[in-house]
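Work through the exercises below with the sequence and the structure at hand. Try each task before reading its solution.

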Amino acid sequence: MPSLAIIGNGYSAAVCVYHLIKSGFPSQEITVFGKGAFGHGQAYGTLNPDFRLNVRAEIMRIDPDHPDDFPEWAKANLDDPDAHNDAGSFYRRSDFARYMTAKMTALAETHPIHHRDETVSSIAFDGQWMVTSDDGEARFDLLILATGNPPPALRFELDPHLSPFLTTNPWQGDWTGKLDPAADIAIIGGGLTAMDAIASLEAMKHQGSVTIISPKGLLPPPQLDWVETPDLDWPEPQSALALYRFMANAMAKGDWLDRPTQDCFENLRKGVSPAWRGLPKDEKLKLLRHFGWLWQLLRYRASPQTVMSQKRLSTADQLTLIKGRVVSITPSSSDRGTAKPLHLTLSSGDTLAADHAIIATGAGQDPLIKAMGDNKTLRLEAQQLMVDESLRMIDNNGQAYATGFALGPPTVFSRGDVVGATTIAGEAKLIAETITHQIGVR
Ligand SMILES: Cc1cc2nc3c(=O)[nH]c(=O)nc-3n(C[C@H](O)[C@H](O)[C@H](O)COP(=O)(O)OP(=O)(O)OC[C@H]3O[C@@H](n4cnc5c(N)ncnc54)[C@H](O)[C@@H]3O)c2cc1C
């Protein structure tokens, strides 16, 4: 039987293991690489009780054959009255991690895998996959890349002396206990990570000011109790403009706080990935340049609890939202007449002093994928790996590897809207079925 390495140990890796075993792949041939608890990853590996799933429980599905598995587990195992509201049940991300542990532990009792608590620094291919990790080199016949979301990155260098005043990976959520309750906080970025930070600061009754600097000066709307509507008849758009026009015409002309508007958007999401995949690379880049921000804003809506925290902080006059981009963070000098350690400069030339800054700018570049591009194992486009319709990675000559696959966040440029938990589970099922068919165990 062929050996298989999964690089990354988050949700994507866990659902790959689940679907591989369900499809008949021998578990003892699977080795998962990654530090920390299996199945948690950057997304759910937090102990912060104020970080919630941004979708209701029914939308978190690891197996289409058991759509109610997580909501039923949550009802039986969680005591979290604050999870429930008119839009559904939005549980803590740390509790979703507990669910993943429960699933993976039960599976391992009958189907144990190897888990190597190591980071992989490089991968090359010579007919087999050569994986270099903290513990040296190992060879595998099959490989699945599931490295997920690299921590946020800025476009400018940070002075290392500033690190005590900066939170550069806010997802872990362990920064809250280290803050002075009176500190004036700057949050760089205005997406779901910023909203998590607000929820946490509000819950801990933070006394200082909170300033969010976001390029469009907007924050995510709340999730409503949107419902599924019948599929739309999608065209095959060949340009960014054609795709945008189709979506703009199909959208209900309403407020984001009206349910039909969200029904309509969620319906469009069902067909957007196949349409995206049909676009040439330059048209994809055009779409991202002009409308990427709008997509991010509407696609990544926040849990109602998080939006309530934001409202309460605004009502208390603690929250300020600035439209702009931070272009540098430097130490404050005494001649600026401020006792605050951080001096933020915006592209407009405006400045801001803060005691602490939280970097909430979205996922950065994956160092392993960059290394695989540099050593010519992969062809990168827009700094991202490419995959074919079966999720096989594309090599430097533009050919798909027969034995190398990828899924989840690193495949967004190729695949479209494939970062939600349920979509990732569908991609994992596709890889598992392709592999087991290929090696003849089905
Ligand atoms: C903060 C956050 C919250 C989210 N919340 C939701 C939500 O509520 N609902 C939803 O549907 N989706 C959510 N998502 C989307 C999320 O991308 C997916 O749901 C899914 O969890 C992604 O799993 P993953 O394993 O691909 O990535 P990750 O969660 O990023 O995990 C990847 C893992 O691989 C490890 N790794 C990376 N590189 C290497 C390497 N070279 N060697 C070894 N290990 C490596 C990392 O350390 C990490 O543990 C969220 C994403 C983030 C970042």
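**Exercise 1. Sort the residues of the shell around the ligand by class, then say where they come from.**

Step 1. The shell divides into 15 nonpolar, 15 polar and one charged residues. Here Ala, Val, Leu, Ile, Met, Phe, Trp, Tyr, Cys and Pro count as nonpolar, Asp, Glu, Lys and Arg as charged, and the others, Gly among them, as polar.

Step 2. The ligand is surrounded by 31 residues, and the closest are G8, G10, S12, G41 and G148. A residue is near the ligand if its C-beta atom, placed from the backbone, lies within 6 Å of it.

Step 3. At least two residues of the shell come from each of α1, α2 (41–44) and α12 (421–438). Helices (H or I, at least four residues) and strands (E, at least two) are DSSP runs, numbered from the N terminus.

Before going on, note what kind of model this is. It is predicted: local features need pLDDT of at least 70, side-chain atom pairs count only at pLDDT 80 or more, and totals for chains, interfaces and linings use all residues. Residues are numbered from 1 along each chain as its sequence is written.

**Exercise 2. Trace the open sheet of six strands and find its edges.**

Step 1. The order is β5-β2-β1-β9-β21-β20, with mixed pairing. Two strands pair if DSSP finds at least two bridges between them.

Step 2. β5 (114–116) and β20 (392–394) each have a single partner strand, so one side of each has no neighbour in the sheet.

Step 3. From one strand to the next, the twist averages 35 degrees. Axes are lines fitted to C-alpha atoms, for helices over the stretch in contact, and angles run from 0 to 180 degrees between N-to-C directions.

Step 4. Inside the sheet, β9 (residues 142–145) and β21 (residues 400–406) are parallel and share three bridges. L143 has G404 of β21 as its bridge partner.

Step 5. Helix α1 (residues 11–22) packs on the sheet and touches β1 (4–7), β2 (30–33) and β9. The direction of α1 makes about 170 degrees with that of β2. Two residues are in contact if their C-beta atoms, placed from the backbone, lie within 7 Å.

**Exercise 3. Is V131 buried or exposed?**

Step 1. Locate V131: this residue is in strand β7 (residues 129–133).

Step 2. V131 has 22 other C-beta atoms within 10 Å, so V131 is buried. The cut-offs are 20 or more such atoms within 10 Å for buried, 12 or fewer for exposed, and partly exposed in between, with C-beta atoms placed from the backbone.

Step 3. Leaving out residues up to four places away in sequence, V131 touches A5, V120, I123, E137, A138 and F140.

**Exercise 4. Follow the pairing of β14, β15 and β16, then compare the two faces of β16.**

Step 1. β14 (residues 326–331) pairs with β15 (residues 342–346) in the antiparallel sense over five bridges. Opposite V326 stands L346 of β15.

Step 2. β15 is also antiparallel to β16 (residues 351–354), over four bridges. L342 stands opposite A354.

Step 3. Four residues lie between the strands in the hairpin of β15 and β16, where G349 has a positive phi near 100 degrees.

Step 4. In a regular strand the side chains alternate between the two faces of the sheet. In β16, L352 and A354 point to one face and are buried, while T351 and A353 point to the other and are not.
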